[in-house]
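Okay, thanks for squeezing me in. Let me put the model up on the screen, and then I'll walk you through it.

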Amino acid sequence: MSFSTDVRGELARVKTDDVCCARSELAAALLASGGIAWRGRGRYALTITATDAATVRRYFGMLKRHWGVTGQIRALSGDRLNGLTRYQLAIPEEASLQLLEEFQIYDEAAPFGVRQTPGDGITHYACCKKAFVRAAFLMCGEVSNPEKAYHIEVAAPTEDFARRVADCLGYFGIACAIAPRKAKFVAYIKRAEGISDMLSLLGAGAAVLALENIRVRKEVSNHVNRQMNFDSSNINRTVDAAETVIRDIQYIDRELGLEKLPPTLRDMAYARANNPETPLAGLGELVDPPIGKSGVNARLRRLADIADKLRSGEEIKLRKVSPVMTQSERNDP
Ligand SMILES: [Zn+2]
């Protein structure tokens, strides 16, 4: 079962008792499924076709409950459907015109009397805006498995219809983009947060939970991966830099002798040579007295400088250091 199928299954079972929302859902369902066929002289054949039986039963129930119209449900299959079964609700022709008027789709001025989106009144209330998007999704919506990608869309038959979907979502602060694709106009969201908001708005609570679980898991593992990459690249940088310094230290030892260095430099040379993977801050704690990172940096630079001068034969002026007094010397005047 795909995530889309799960979401549709859940949405098809969302309870809506209000006639305003039933009107909005049916209007969206008829237009989104391209189920309005003109039969001449104010006659229309209305059908709602869906991939799952629950959706079709949903609209069968609404028509019956609010308008007393009994539709007919049939299963469609065949070569043209690639072996898939689809379910179709056919609305009796004698009720068609009245329903199109009720759903604010019929308009004498429109081509063949059919508007591309219903009148504004259909989505006047917030509840009806949700209902409109829910039906649009049930008819021509898809949502990717969040394990693989974040993407939800409604592939609408016209640009006007796609805009209407985007407007309804926009009312709730959910931003969605529109792009043409083949003969369709696709309203889509690619951000996990937006997808989650849209699903929860439509009433797919279980799908929201599933999505959020996956999202948290992905974010934690991304964070851990980033952290691991960051740490290992830091260690690599430290080791690279340390290797250069260690070569310098060995060179100084060979050419000059580390014991000739001022004690602070000499101790730092030993600390670095013995701890190539220790970051600068840690290195500062290995000398006595401990010093900070910038102090370590200064001493390592000084060592590199001495090595450079030795290589080029330049004269080295080792800073005049007062002879180191040992503890006993200090005590003996
Ligand atoms: Zn409503």
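So, to start: in which sense do strand 1 and strand 2 pair, and over how many bridges? They run antiparallel, with three bridges between strand 1 and strand 2, the latter being residues 44–50. By pairing I mean that DSSP finds at least two bridges between the two strands. Helices (H or I, at least four residues) and strands (E, at least two) are DSSP runs, counted from the N terminus. One bridge to look at there joins alanine 37 to alanine 45 in strand 2.

Some housekeeping. This is a predicted model, so local features need pLDDT of at least 70 and side-chain atom pairs count only at pLDDT 80 or more, while totals for chains, interfaces and linings use all residues. Residue numbers start from 1 along each chain as its sequence is written.

Now zoom out. There's a domain 1, 3–203, and a domain 2, 233–319; those bounds come from an automatic or database domain assignment. Their centres, over C-alpha atoms, are 72 Å apart.

Back to the sheet with strand 1. It's an open sheet of four strands, ordered 1-2-4-3, and the pairing is antiparallel. Strand 1 (36–38) and strand 3 (72–76) are the edges, each pairing on one side only. From one strand to the next, the twist averages 25°. For angles, axes are lines fitted to C-alpha atoms, for helices over the stretch in contact, and the angles run from 0 to 180 degrees between N-to-C directions.

Two helices pack on this sheet. Helix 3, residues 53–67, touches strand 2, strand 3 and strand 4 (86–91), and makes about 15° with the direction of strand 4. Helix 4, residues 93–102, touches strand 2 and strand 4, at about 85° to strand 2. Contact here means C-beta atoms, placed from the backbone, within 7 Å.

Next sheet: again four strands, open and antiparallel, in the order 5-6-8-7. Its edge strands are strand 5 (141–143) and strand 7. Strand 6 (residues 152–156) and strand 8 (residues 184–189) share five bridges, one of them putting glutamate 153 opposite tyrosine 188. Strand 7 (residues 177–181) also has five bridges to strand 8, where isoleucine 178 partners alanine 187. Strand 7 and strand 8 make a hairpin with two residues between them, and lysine 182 in the turn has a positive phi of about 50°.

What about the cores? A nonpolar core is a set of buried Ala, Val, Leu, Ile, Met, Phe, Trp, Tyr and Cys residues joined through C-beta atoms within 7 Å. Buried means 20 or more other C-beta atoms within 10 Å of a residue's own, exposed means 12 or fewer, and partly exposed is in between, with C-beta atoms placed from the backbone. The largest core has 65 residues, and those touching the most other members include Ala29, Leu30 and Ala136. Helix 5, residues 126–140, gives the most to this core, ten residues. Beyond its neighbours within four places in sequence, alanine 136 is in contact with Val154, Ala156 and Val165, among others. A second, separate core has 14 residues, including Leu261, Leu265, Leu283 and Ile291.

Leu265 takes us to helix 9, where it is buried along with Arg266, Met268, Ala269, Ala271 and Arg272. The buried residues of helix 9 pack against helix 8 (205–255), helix 10 (280–284) and helix 11 (293–312).

Last, a sanity check on length. The expected span is 1.5 Å times one less than the number of residues, so the twelve residues of helix 9 (263–274) should span 16 Å, and the end C-alpha atoms are indeed 16 Å apart.
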